Each structure stands twice: as structure tokens, then as C-alpha cells.
2 protein chains.
Amino acid sequence: MRQAGRYLPEYREVRAKVGFSELTRSPELAAEVTLQPIRRFAFDASIIFSDIMVPLEGMGIDLDYAPGPVIAEPIRTMKQVEEMRSLEPQRDVPFVMEAIRLTRAGLPAHVPLIGFAGSPFTLFAYLVAGKPSKEFAVPRSFLHAEPQVSARLLEKLADAMIVYLRAQAAAGAQALMLFESWGGLLGPYDFRHVALPPVKRIFDGLKDLGVPLIYFANNCGTVLDIISELPVDVVGVDWRVPLAGARKLLPGKAIQGNLDPAVLFAPKATLEKRIDDVLADAGPAPGHIFNLGHGIWPEVDPDAITRLVDYVHERTAK
Amino acid sequence: MRQAGRYLPEYREVRAKVGFSELTRSPELAAEVTLQPIRRFAFDASIIFSDIMVPLEGMGIDLDYAPGPVIAEPIRTMKQVEEMRSLEPQRDVPFVMEAIRLTRAGLPAHVPLIGFAGSPFTLFAYLVAGKPSKEFAVPRSFLHAEPQVSARLLEKLADAMIVYLRAQAAAGAQALMLFESWGGLLGPYDFRHVALPPVKRIFDGLKDLGVPLIYFANNCGTVLDIISELPVDVVGVDWRVPLAGARKLLPGKAIQGNLDPAVLFAPKATLEKRIDDVLADAGPAPGHIFNLGHGIWPEVDPDAITRLVDYVHERTAK
């Protein structure tokens, strides 16, 4: 999950000066907001501040954050897909790699830095819909009405994310994560036939790097058996997923997750009980990386995160 | 799922004359739009046109449809909960029972009429949020910050839905369905401890009626084992759920679902293949009621529904 964010006063201070899009394109500021949560909390890893839509801007897509991504010309035709240019990270998004270099230089040696990208289906959902939507009816119906255009777009996005993630690793990212934010919009058949192939293509294109590969599968609790086929080291799951069952469905993979971020609003005793439940459900480490099951809401008290991190460390100390 | 809707030109014609809220309160017009899809399609059952928020208006909640429900004064305190009046259906929502009587009189004898209500947690989500939202962060955090107020509100909503559904059955509804539209916002622990108890209270309060009880559990694929404890005849599942697995998790219950409504945009051959897949996954009837896995979008061509119904009947004819 994104660690930087509006729940932190120091992040809001930066955002008072620059817009979201400008922040993603300013290496010094992106590194600064990436480091802010690491200074404040005893997190075991850091994730670079950016947005999954950033490489698409580099591919010539005109978009704005309002605050979700709004695409000036939603993708609906094969001509538009073919006109999207291939991504050349050093030409199109050099600021991301520079932010990674600056962040790595500023991080304590024992805190690894995670690079990330959006999954092809998730990017497809935004590009075809044109704006965030509750049900994403437009991209979901487009998949069935225009299967060839859809397949070509997904393939092109997969190829772009391979070079994008490889460039992040070359710049210093020590693990790579793919966010399947909208995979949960698909039933099992379409998840297997639409979302999975481009994701597999990406991870196959990264495995020679030798860095840990993480797949965050949001709201995909009913397709974990399908996800088990992916060549990844870690699967991140949302708060709806019972962890004991997930570990059985994902043999040989570590699980990351999955405290409901809503529990950050509970009193200390409840928060601790619910952390205990997650740890008990997950079973013995190694094989479990404690995390939230979804992003931190802006209204969260940063002190709740401190309590969370301290308690998890206390409970999992050797 | 609602059968009436904007995908039907005859429904849009009625809506050109009256607003949504007025339509729910006009028995003749509500009966008319309930009967429209039955005249056009060979559906095996009919569901009364209404909205899950209608009984809350009867309980004194000031709300508007924009188009999702917007609550003038979102519920946040015990005082507000205590001030919500109990529902007396004949006093507060007589038009719903009148619509049921008129619809029953207009339906062919072989088409049963389903009455419905919203689940307590789903109604809670709208009442506390105050407006529809992507993540419902406000009610989800409220649950943890104000557990006593939450529990009292859920209990009060359960009691209201019992009398509401009993009144619908007395007016002629031959099956009763509860829509857990937002249960999928909860992880397994909260689903069991927050959403389930008021639902069980409702079904326990209906079982002496002797009518089939249906629970539609949207996006609840990871908690079907918990749902199996409910005293219901039928569980409706969304399109994310593999039906073969669901039938194993719900012994003794029929399953209703679950074609992805997005598939209605596919060519005829694809639509038929996907219907075949649902039927094969569900296994032998009885025990499976074919349905969509979610509501019909306004952009759907009504002819796709005709093709769907005809093909399902052809494939399942004795």
C-alpha cells in the first residue's frame, strides 16, 4: 500500500505547495514524501511514492487526477491502441528512476525499497472507462464487445510495465510489486482469460532480475487458486480474505496482509486483538508479511499506525 | 435483481413522467413497471419494484435519490438512533403493500412474486455514510469507533425489516429476499459479528411464514462458510463466485446466480457459451436457480435478455 498520504501532516504540507501530478514528476519531492513515513514509523520496508497512471502519461495518454484518473480521450478503438507509443522509461518517465535513486540514498540500509506498477487489467479499466466509476460497466462490457481491441491493449500495457519495472529495479528498487486494484471486477473465467495472461507475461519478464516479485490482488479472494499459478514470491490479499485458507491455496508463496484499515479507528485493545487475529490466522512466519488489507484513509490518526507497528513488532519479535 | 429498469424503453417512458421516489410511492405505477419485464420476457418469477431505502423514509429518515440515496442528516449518534421511529407498514408504507396486491392481481398465475428488503448492514452503510461512496470509509470506521451505537442501529433496522417483510408476505409476496448489497465491505470477523446477527434475527422472525427465504450476498465469496449458518432456503451469489465451490460450502441450500451482467454485451455465441459454463459449474438442478450475478445496466439491449432467457429455458427444459 502507499505509505505516503494525506493522513500525514508532513505530506499535506508538501501537497499544499504542489499538485499530485507535479509531485509524481518531482524527484526530490517524491523522495521526500516517500521518506516521511519511514522517519515517523518503524516500517520494515519502503514503497516509492508514485501512481500507477504515471507511465501511461509517458506513453502519450493525456490524463488528469480529479482526484482519481480522468482520461481526456478514453481508449475505445484499435487505432487508439496502436497509436499509444511504447514506453521508454529513460525518455518518458526519468523522474521516477531519479526519485528511486534519491530515496535509496536517503533510506536506512536495513529498509528495502519497493518499486511498483499497475496491472494491465487495472490500467485497462481506467483507460477504457475514462474516469473512476463504481462498477466500471464501460470497460467490463467493452471486454466482451471488443475482445480483439481489449487483448491488444492488455498486451501493450504488459510490455510497457515490463520495461517500466525493470528500469525501477535498475535504479535501485529491491522488490517489485504489481497492483491488481480492479481484478476483483472480474469473475473467475474472465480473471483467468483476461487479467491473468498479461500479469504472467510481466512476471515472466522480470524473473531474471532476481528480486522478490509481489502481486497485490485486491478483492480477488474467489480466484486465489488461479493466482497460485503465477510465478511470484508474494501475494498480497485484501481484508476480506481468511489468511489460513489463502495460505493453503497459495502453496510455496508468502502472503502479505491483511488487517482491515477500518480497524485503525478502534480503541487500542480492539486494535491489538484484531492484530492478534491476523497473526493467528496467518500462522507461522516465514511465509507471512504483516500489512494492511487496503490503503490508509486520510482520516486515520498517525498515532494508530505507530501503535500498530509497535504491537506487530512486539508480537513477532524473535 | 431488480427486473424493472432503464434498459427498458417502457420503463423510461414511465420515468419521463415521474421521479424515482414518486414511482416507489405510486402503487399503480410501481405495479405497472413490475409487470413490464414480465410482459416482455419469459421470466420464471417477478420481483416487486421498490427500493431498499423506502421503509427508512417511513421511519422518518429524510432522504433523496441522486440517484443513490442521500441522507439529509446522516446517523451518527445514539440519540438519532433512538429517535428513529419503529416501522408500522400500514401507516408508514401502505403503498408498497398496495403495489404488491395490484401486481399479484396482474401477474400470470404461474409467476410467483418476490418481496424484498435491504439487509441491516447495507442500510446502516447508507444511513451512516449519508451518501453512496466507493469505500464507505465513514460507516466502516464508525463500526469500530462507535460499536454500541452501531449495534443498536443494526438491531433497530432488523426489527423494522421483520415487520416490513411480514407485511409484504401478507399482501401477497410469495417469497422474501434480503439484499446484502454492501456485506462485501466487511472482512470475515466483522461479517460474522456485525452483519450476520441482525440478518439471522430477520430470518428467524420470518420462518413461521412458510415462504421461501432468499439472501443475496453481494461480494461475499470469502464468507460463504459463515453464511451457511443462516436459516435460509436460497443464497444468491455475485458473478465472482465459482458455483461448484459455493454449492459445497452451502449444503442444503439452493444457489441463485451468477452470470456476469457484462456478458450481456458479448455476441450470441459467447453469451451462450458463458451460460453453459454457469449451468455446468452449478451442477444438477434442483438446487440451482439461474440468475444474473448482479443488476442489469441501463445500456443493456433488451434483446440480449430475451436471448438469455430463451437459451436458459432451452438448456434446462426437462
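1. Let's start in the middle of a sheet. In chain A, strand S6 (residues 213-217) and strand S7 (residues 234-237) run parallel and are joined by 4 bridges. If you want one pair to look up on screen, take Ala217(A): its bridge partner in S7(A) is Val237(A). Keep in mind as you click around that this is a predicted model.

2. Now zoom out to the sheet those two strands belong to. It is an open sheet of 7 strands with parallel pairing, and the order in chain A is S1-S4-S5-S6-S7-S8-S9. Which strands stand at the edges? They are strand S1 (46-47) and S9 of chain A; each has a single partner strand, so one side of each is left without a neighbour in the sheet. As background, strands of a sheet pair through backbone hydrogen bonds, either parallel or antiparallel.

3. Here is chain A as a whole. Its secondary structure comes to 15 helices and 9 strands. The radius of gyration is 19 Å, close to the 20 Å that the globule rule gives for 318 residues, so chain A is as compact as a globular protein of that length. Along the principal axes, the C-alpha atoms fill a box of roughly 55 × 45 × 40 Å. Buried residues make up 51% of the 318 residues. And if you take the contacts in chain A with a separation of 6 or more, 70% of them are between residues 24 or more positions apart.

4. Over to chain B, where the sheet again has 7 strands, is open, and follows the order S1-S4-S5-S6-S7-S8-S9 with parallel pairing. Its edge strands are strand S1 (46-47) and S9 of chain B, each pairing on one side only.

5. Strand S8 (residues 254-259) of chain B deserves a closer look. How many of its 6 residues are buried? The count is 5, so to speak a mostly covered strand. S8(B) pairs in the parallel sense with strand S7 (residues 234-237) of chain B over 3 bridges, and Gly236(B) has Gln256(B) as its bridge partner there. To get from S7(B) to S8(B), the chain passes through helix H13 (residues 243-249) of chain B, making a right-handed β-α-β crossover.

6. S8(B) also has a partner in strand S9 (residues 288-292) of chain B: the two run parallel, joined by 5 bridges. Gln256(B) turns up again here, standing opposite Ile289(B) in S9(B). The chain crosses from S8(B) to S9(B) by way of H14(B), and this β-α-β crossover is right-handed too.

7. A couple of backbone oddities are worth a check. Most residues other than glycine have a negative phi, and most peptide bonds are trans. In chain A, the peptide bond from Gly257(A) to Asn258(A) is cis, with omega near -10 degrees; Asn258(A) is found in strand S8 (residues 254-259) of chain A. In chain B, the bond from Gly257(B) to Asn258(B) is cis, with omega near -5 degrees, and Asn258(B) sits in strand S8 of chain B.

8. The other oddity is Asn219. Phi of Asn219(A) is near 60 degrees, a positive value in a residue other than glycine. Asn219(A) lies in the loop between S6 and helix H12 (224-227) of chain A. Is Asn219(A) buried or exposed? Buried, because 24 other C-beta atoms lie within 10 Å, and the cut-off for buried is 20 or more. In chain B, Asn219(B) has phi near 60 degrees and is buried, with 24 other C-beta atoms within 10 Å.

9. For contrast, try Pro298(A), in the loop between strand S9 (288-292) and helix H15 (302-316) of chain A. With 12 C-beta neighbours inside 10 Å, Pro298(A) counts as exposed. Leaving out residues up to four places away in sequence, Pro298(A) touches Gly5(A), Arg6(A) and Tyr7(A).

10. Finally, how do the chains meet? The contact takes 28 residues from chain B and 27 residues from chain A. On the side of chain B that touches chain A, H9(B) gives the most, with 6 residues. By class, that side has 13 nonpolar, 8 polar and 7 charged residues.

11. And the symmetry: a rotation of 180 degrees with 0.0 Å of shift along its axis superposes chain B on chain A, with RMSD 0.0 Å. The two copies are thus related as by a two-fold rotation axis. The same surface serves both copies, with 96% of the contact residues of chain B recurring in chain A.

Technical notes: Residues numbered from 1 in each chain as written. Chains lettered and ligands numbered in written order. Predicted model: local features only at pLDDT ≥ 70, side-chain atom pairs only at ≥ 80, totals over all residues. Contact = placed C-beta atoms within 7 Å. Nonpolar A, V, L, I, M, F, W, Y, C, P; charged D, E, K, R; others polar. Least-squares fit on C-alpha atoms with pLDDT ≥ 70 in both. Rg over C-alpha atoms; globule rule 2.2 N^0.38 Å. Pairing = 2+ DSSP bridges. Right-handed = clockwise from strand over helix to strand, strands pointing away.
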